[in-house]
Amino acid sequence: MPQINYVDHSGTCTPIMVPLGDSVMEGAVANGVEGIVAECGGSAMCATCHVYVDPTFSALLPEMGEVEDTMLDLAASERHDNSRLSCQIRVTEALDGLVVRMPESQI
Ligand code: FES
């Protein structure tokens, strides 16, 4: 199972083994990782699963869809070049070791 590293706003890292095919958001919610709210349950409709993805993994991520792109503009915390909705990132073997940083606030 790939390991996803969730880093909260204070810099504390929580490594979680996430099943292949689950989303990065689901891995956080299922394990009680704070900092990802996921109000809409993964439909790309709330932007409360916003994360900053470590740039070394950028090329391995799925392409951003139009809906995700629009929702990121509405996120509570500032959007950066490496912003993604964690519910739109499916865990693959290639993403083993992925580092995602949570913003200061999701709501
Ligand atoms: S969980 Fe709502 S946009 Fe990701």
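Visitor: What makes the five strands one open sheet, and in what order do they stand?
Guide: The order is β2-β1-β5-β3-β4, with mixed pairing. Strands here are DSSP runs of E with at least two residues, helices are runs of H or I with at least four, and both are numbered from the N terminus. Two strands count as paired if DSSP finds at least two bridges between them.

Visitor: Why are β2 and β4 said to stand at the edges?
Guide: Each has a single partner strand, so one side of β2 (13-17) and one side of β4 are left without a neighbour in the sheet. From one strand to the next the twist averages 35 degrees; axes are lines fitted to C-alpha atoms (for helices, over the stretch in contact), and angles between N-to-C directions run from 0 to 180 degrees.

Visitor: What kind of model is this?
Guide: It is a predicted model, in which local features need pLDDT of at least 70 and side-chain atom pairs count only at pLDDT 80 or more, while totals for chains, interfaces and linings use all residues. Residues are numbered from 1 along each chain as its sequence is written, and side-chain values use heavy atoms, with hydrogens and water left out.

Visitor: How do you know that β3 pairs with β4 and with β5?
Guide: Three bridges join β3 (residues 50-53) to β4 (residues 83-85), antiparallel, and two bridges join β3 to β5 (residues 98-101), also antiparallel. The cut-off is at least two bridges, so both count as pairs. Tyr52 has Ser83 as its bridge partner in β4, and Val53 stands opposite Val100 in β5.

Visitor: What joins β1 to β5?
Guide: Four bridges do, with β1 (residues 3-7) and β5 running parallel. Tyr6 has Val100 as its bridge partner in β5.

Visitor: Which residues cover the two faces of β3?
Guide: His50 and Tyr52 lie on one side, Val51 and Val53 on the other, and all are buried.

Visitor: Why is Ser77 called buried?
Guide: Buried means under 20% relative accessible area, exposed means over 50%, and partly exposed lies in between (1.4 Å probe, protein chains only). Ser77 has 12%, so Ser77 is buried. Ser77 lies in the loop between α2 (66-72) and β4. Beyond its neighbours within four places in sequence, Ser77 is in contact (heavy atoms within 4.5 Å) with His50, Tyr52, Pro103, Glu104 and Ser105.

Visitor: What is the sign of phi at Ala38 and at Ala47?
Guide: Phi is positive at about 60 degrees in Ala38, although Ala38 is not a glycine. Ala47, also not a glycine, has a positive phi near 65 degrees. Ala38 is in the loop between α1 (24-30) and β3, and so is Ala47.

Visitor: Why do Ala38 and Ala47 count as buried?
Guide: Ala38 has 13% relative accessibility and Ala47 has 2%, so both count as buried.
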